[in-house]
Amino acid sequence: MLRNLGALAAAAFVVAGGAAYGGSWDERVFPPGAHVDFDAVAAAGPSALPALIDRGRVLFKAKFTTVDGAGRPKATQAIVPTRRKAGVNPPFTRTSGPDSNSCFGCHNDPVEGGSGDDVANAFVSEGFESAQFDTVDPSFSSERHTIALMGAGLVELLAREMTADLQAIRAAAVKEACQSGKAVRADLVSKGVRFGWIEAHPDGIVDLDSVDGVDADLIVRPFSRKGVFTSLRQFTINALNVHHGMEAVERFGARWTGTHDFAESGVPDAITAGDVSALVAFQATLPPPAVKTGLPGDWRAAAAEGEKQFDAIGCPSCHVKTLPLKSLVFTDPAPYDMAGTLRSGEVEAPIVIDLSVLPFAKTLQKNDQGAWLIPLMSDLKRHLVVDEQVNALGNELQAQRFVERDVFLTPRLWGVGSTAPYGHIGAFRMLDEIIAAHGGDARFSRDQYLALDPDKRDAVVAFLRALAIEAPR
Amino acid sequence: MKTVVKTICPPPPAERRRRHFETPTARAPQDEVARRTTLSLGVLAPLLAIASPAHAADRLAPAGDAPVMHEEAQAAGLNSVYDGPWEFFVGGGGAALDCDGSGFPSVFLAGGKNPAKLYVNVSKAGGPIRFVEKPIGVDPKLLVNVIGAYPIDVDGDGRMDLFVLRVGQNLMLKGGPDCTFALAGKDWNFDGDPGWTTSFAAEWEQGAKFPTLAIGHYVDRDAPGSPWGTCQDNSLFRPQPGERPDYSVRTPLAPGFCALSMLFTDWNKSGVPSLRVSNDRQYYRGGEEQLWRVEPGKTPRPYTRADGWRHLSIFGMGVAEGDVDGSGYPQYFLTSMGDEKLQKLDPDEAGRGELPVYRDIAGEVGATAHIPYTGGDKRPSTAWHAEFADFTNDGLLDIFVSKGNLSQMPDFAAYDPSNLLIGQWSGKFAEAGDLAGIAGNRVGRGALIADFNLDGKLDILQIDRGSNVALFRNLGARNGDGLPLPSGNWSEIRLIEPNPNRNAVGAKISVKTGTRTQTRTLQVGGGDASGHAGWVHVGLGTAERAEIRVQWPDGERSPTYRVFANQFVVVDRTKPQASYWYPGR
């Protein structure tokens, strides 16, 4: 953050060699002086945010070039800096990456930041033993359909508050057990969502066997199909490396690798903390999806009926229709990120984005306690979605970051009407098909759905199709 | 089986409010709260002034983090001086152990001619380190002439005991509740193995209910011609059959060459540790460094030239083990006077551990530590305690080496700062003692490296000769002139297995992050008359998750435990899953 940006730009220029750059046709995303200075933005306060968000939008759509540092010739896609054992990565590899020139390359449907068609699916692997693979066989990786990022700032804020709740419950249980000398069982409940329970013992040991749907450290990780990313910042750093081979200083820089160019791209310190913040700010301020307006009368009527059926058959037990959010103040860095993703202790001051001043905030309702009601239609909890009879979603062979292969985060259904195809690999073209594919924890509701009259099933589809992502007006 | 211990709970709210530095809230990361509540630039200013030396041209600067180690022994309530005549030129150790079930390491500190002291840790997690002295309930006469100590649960009752090294009879102190100790030598048929004891190590041999004890002696002061060529034999005490410890039978380890450090080590991954002994050439005649074959039921015998052991003669003062290169075969740092060694198995001659042939790589990797790296005194250093540990949480082992002139020896450096050799990704080490703030004008001896405030970062308690101990609290990563930065991710691990070896001494812990695997071995011994028990610390760098496997002392391997970073992890051999542990204050 305290780096000399001028020196960096000069270094990039020199390292690239060959061609001269700097004309109005310059291909570079990062010409001299184009990196964002985190501290300067944080110090400037709200006045700097519009420019930061705009810069984030530019970076989101940017096609990173070789002289920007794109590609990771000697590094794998792993989230922990990992060198290739041998050889050099080609510029693009559709399977193990880099597989995209820009964020927008996948997140473009129906607007920037949105979902993507099946052709934009990614193939994710840990990047350790199977660092390079040239097949889409699930033995090697897990295929992923693009998740829309609309409303992502609100999602992260919900997760932060839920994490705080769960960790406070744990702390209280530990304290009570210590003081009472007896084991204390504590239910893990936040925002009405139950995450199982823990048992704290007087000696400080906490049994975690009955924790459900959240990681054992009680951090609610709201991003990715599996719910394994804590923050937009962590997701962004991972994605920049996996998909573009752009390596952020805070993960791949000298502090953690001993070098300024871990991937040997020829460009040192390719992505600054400020650059990441610009991307975070852009994503965090994307408006949430909304219910379509101006629908024809028959659709409106069907959607109203469909919502009743949706509720009646128990879909909201996981696809919780709204979660209450106490504060719309988004701070970057986030509070629960770990080393390798910028932490609050690593900056003089955070960047503060008050989402309540954005136009979309006017569309959000509040409950009687003054909390904002976020209509994401998810409990931000992981569930088993496969059973012996209904296992179409159980097509993976690898666990992902400790999450078993047939367990997934409840997808947010806001915007589902705009994000076909459906499912974690986008294997289902129609909403009726993906509903029918729900097994495991969702089996009861799925069976109820299939037992409905065709008209009522179609009404449920009408309701879901009305939940759409629309271009900002 | 769970350790049955009394837990120290948080103080009542009124008392808590009076204290300045609160435990972090559940929402705030510990590093951040500690940083903001306990530091100011004013506090750091003198430290940073020290940390701006003119670097030698050939000195490698750390490419990554260097820790900020803030000395705060007085503020922490420590007031213990190791001192005394010739017998106490050596030694100067202590023990760190959880003696009250709080999870926080308390300390027992040798005083030489001064009484040994026990300080109970009353710190709060993430806050400043605080100790309160507690009287040791044994005859005060026995608490003088103490050289050092090692913690070990001899009788497997779940409470740490102490083996106390003395000039005279050694002590075995049985741990009781609330950091109480009682003499146990009589109950355990231990006669104290009198002499000038300067080193100790212990292991559980296969099938043994109680530990085997190795006791290292220095000069036999009563022998004709003493001190030259009069090194006393060392001793091995194997537990005799029975339901309680019985150390009535001594097996001599002869010849002894003035053993200043010893360590049971599975050098060849055979599962049967050998006894590595580091000897002081100042007083032996025809001696050398030693490696003893200690096989269950057999008389110990030293490895010889015929076994591949190569003669090495140094002022051996401390031995430390660490798997720096991830090979699974330990490397050894040997302290000396001006010729420290970092040994690894010679790949050409040792095979896969068939022969104990070692090569010194200290020069190759920048870990010679043979002269002071700052202060201008170019006479040879005098090194004592050595220990591998990760002070930056970057996932690489560092080496701490305490330094201090023997006693105004003119041929050796007077200003002789301790070393903090930071492991680099290149495989080399970069000196950062001055950057970190530990390069004061002290006369170091033993050291205790532990996370005293359970904030995930390793602190250093250095026992100095002739002055109060130094307590270096690790505040995080050095950040130019700014406040320290949070360090990397970490895991602290505790093993529990059913009796007899309840704390799994001899177990190997493998921690895998990505393609890297780090190994830690639970040992009792080594260093300079100093040892610690409790949480086993592993730095994880940027890894958010890790996989832990344990090779238990009997050789059986555990399943893989999946754990998240920045947690205290308890691996109980009788349970299918690891648990997390949280401090009660």
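## A tour of chains A and B

Begin by selecting A:Gly204, which sits in the loop that links β4 (193-200) to β5 (205-207) of chain A. In this predicted model, A:Gly204 has a relative accessible area of 6% and is therefore buried, the cut-off for that class being under 20%. From there, add A:Ala131 to the selection and draw the distance between the two C-alpha atoms: the residues are 73 positions apart along the chain, and their C-alpha atoms are separated by 39 Å.

Staying in chain A, move on to helix α11, which spans residues 443-451, and display the side chains of A:Ser445, A:Arg446 and A:Tyr449, which are buried. These residues lie on the same side of α11(A), because the arc they cover around the axis is only 100°. If you then turn the helix to view the face directed away from that buried side, you will find the exposed residues A:Phe444 and A:Ala451.

Next, go to chain B and select B:Gly103, whose place is in the loop between β2 (94-97) and β3 (106-109). With a relative accessibility of 5%, B:Gly103 counts as buried. Add B:Gly534, which is 431 residues away along the chain, and the C-alpha atoms of the two glycines prove to be separated by 7.7 Å.

Finish in chain B with strand β35 (residues 545-551), where B:Arg549 is found. B:Arg549 has a relative accessibility of 38% and so counts as partly exposed. Selecting B:Lys269, B:Arg352 and B:Arg557 together with B:Arg549 brings up a patch of positive charge on the surface, in which these four residues gather.

How values were computed: Residues are numbered from 1 along each chain as its sequence is written. Chains are lettered from A and ligands numbered from 1 in the order in which they are written. This is a predicted model: local features need pLDDT of at least 70, side-chain atom pairs count only at pLDDT 80 or more; totals for chains, interfaces and linings use all residues. Side-chain values use heavy atoms; hydrogens and water are left out. Patches are made of residues with over 30% relative accessible area and no salt bridge: like charges are joined within 9 Å, nonpolar side chains (Val, Leu, Ile, Met, Phe, Trp, Tyr) within 5 Å. Accessible areas come from the Shrake-Rupley method with a 1.4 Å probe; for residues, only the protein chains shown count as cover. A salt bridge is a side-chain nitrogen of Lys or Arg within 4 Å of a carboxyl oxygen of Asp or Glu. Lys and Arg count as positive and Asp and Glu as negative; His and the chain ends are not counted. The place of a charge is taken as NZ of Lys, CZ of Arg, CG of Asp or CD of Glu. Helices (H or I, at least four residues) and strands (E, at least two) are DSSP runs, numbered from the N terminus. Buried means under 20% relative accessible area, exposed over 50%, partly exposed in between (1.4 Å probe, protein chains only). The arc is that of the directions from the helix axis to the C-beta atoms.
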